[in-house]
Amino acid sequence: MACSMLLALAGCGNSSSSSSGSSEESSTTSEAAEESTASSESTESEESEETESGDAEATAEYADVESLSILFSSTFEETETGGQIIAHFAEYLEEITGGQITVNVKYGGSLYTSSDELDAVSNGAVQMVALGHNPHADMLPYLCVFPDFAPGSTQNALDYFNYVLFENEESASILEAEATANGIKYLNVIAGGANVFISKNEFTDLTSMIENSSSFGNMAGAKFEYMGFTVTEMLPSDMYDSFDRGLVDTTQMGFAPCVSMGIYEVAQYWMLDNTYTAGNFFTVNLEWWESLSEEQQAAIQAAADEVEAYSAGLYDEAIESDIATVEAGGGTFIEMNDADTATWWDAVFVSAVDAADLTDENNQTILQAAADFTDYDVSGMW
């Protein structure tokens, strides 16, 4: 269209200084421009119709699905990254079903807390939750036996959980049986962000951090004691005050919670530990799930699959934003080297093995699957 308009303008310029013969030529050029414009508009219209048709075809796959309303309980606030992921799931599912399936999300633990949500979805009080599994080790011991984060990247952590939970036949069968016994089914894995070491004391690597630390604050002390830290057990919610009062000088936690608590105000030195969390599985009540039609199940699973990929990108963006926040607040980042990454992962895995009941061969099978994916040598451990 732009080229045609330029030709038309050029034709008009020539006509002002030429004879009547040139005027005929200008008229011909103008007609050609109009034909070209009409052709271009027709092409654009056809492309628009094709795009709309493609969208319609994509939606039509689930447009005839029976109507359904899903009650989804979440401990995430709607503005949190986890809450945004659930909101995206609800919007996407409604979109691909043309509004036939809707999701009524109750955010911020307004229905059930993290300690209650397994019971809630298990007994059918709600149809779905984004299950945080760690508070439920008594009911889901196999799901909690292997490390709940993995080295590499946000996507690698998702791949790690998917491998152990769904793809490795031996571990998957054990975890599925455990879920079935609790009346639930897992649909996906959701990214959880990065993890970080923080210290009030300047350090250059993991060794100097350990040497300079006199009191390491954390709930789970075994892996940190294995590395040589002196551990003071405390809740994450107490970490800011403990740093501020000098009760601890070092910790390791999820990156996002540390930033949201403003720990960079009381502890300057930060090191992303090259591990990334996943979990918060989209979990459904099994009896309810089996009562659905194949088309309803397919639509919900498609939305769960889509939102898993979405969660990785959202958390990667959040990590970059959180780094900028810490640096703007006066924090300094030290890069973790490969040797320290290996030392840290060794501590994580050894502590998981030490805590497991290795007389239970199912625990061995699941830990072996986790070790296989992360290339960790567990030979001789059981």
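A cavity is a set of grid points where a 1.4 Å probe fits but cannot get out, and a residue belongs to its lining if an atom of that residue lies within 4 Å of a point. In this predicted model, the second largest cavity is lined by Gly192, Gly193, Ala194, Phe255, Ala256, Tyr315, Ala318, Ile319 and Asp322. Two or more of these residues come from each of β6, α10 (255–260) and α12 (294–328). The largest share, four residues, belongs to α12.

The count of cavities of 30 Å³ or more is two. The lining of the largest cavity consists of Phe76, Gly82, Ile85, Ile86, Ala130, Ile190, Ala191, Gly192, Asn280, Phe282 and Tyr315. Here α3 and β6 (190–199) are the elements that give two or more residues. Gly192 and Tyr315 appear in the linings of both cavities.

The model also has pockets, which are open sets of points. Around the second largest pocket stand Leu165, Phe166, Ala172, Leu175, Glu176, Ala179, Thr180, Ile184, Lys185, Tyr186 and Leu286. At least two lining residues come from each of α5 (154–167), α6 (169–181) and β5 (184–186), and α6 supplies the largest share with five residues.

The table gives the volume and the lining classes of these spaces.

| Space | Volume | Nonpolar residues | Polar residues | Charged residues |
|---|---|---|---|---|
| Largest cavity | about 60 Å³ | eight | three | none |
| Second largest cavity | about 50 Å³ | six | two | one |
| Second largest pocket | about 190 Å³ | eight | one | two |

Strand β5, which lines the pocket, is also part of an open sheet of five strands in the order β2-β1-β3-β11-β5, with mixed pairing. At the edges are β2 (101–106) and β5, each of which pairs on one side only. From one strand to the next the twist averages 30°. Strands of a sheet pair through backbone hydrogen bonds, either parallel or antiparallel. Strand β1 (residues 68–73) pairs with β2 in the parallel sense over six bridges, and Leu71 stands opposite Asn104 in β2. Helix α3 (residues 81–96), which gives residues to the lining of the largest cavity, lies across β1, β2, β3 (128–131) and β11 (281–285). This helix runs at about 160° to β2.

How many salt bridges does a search of the whole structure find? The search finds one. It joins the side chains of Asp241 and Arg245, at 3.2 Å from N to O. Asp241 and Arg245 are separated by about one helical turn because they are four residues apart in helix α9 (residues 239–245).

Methods. Residues numbered from 1 in each chain as written. Predicted model: local features only at pLDDT ≥ 70, side-chain atom pairs only at ≥ 80, totals over all residues. Heavy atoms only, no water. 1 Å grid on protein atoms, 1.4 Å probe; cavity = no way out; pocket = protein on both sides within 12 Å on 5 of 7 lines; lining within 4 Å. Points joined across faces, edges and corners; volume = space filled by probe spheres on them. Nonpolar A, V, L, I, M, F, W, Y, C, P; charged D, E, K, R; others polar. Pairing = 2+ DSSP bridges. Axes fitted to C-alpha atoms, helices over the stretch in contact; angles between N-to-C directions. Contact = heavy atoms within 4.5 Å. Salt bridge = Lys/Arg side-chain N within 4 Å of Asp/Glu carboxyl O.
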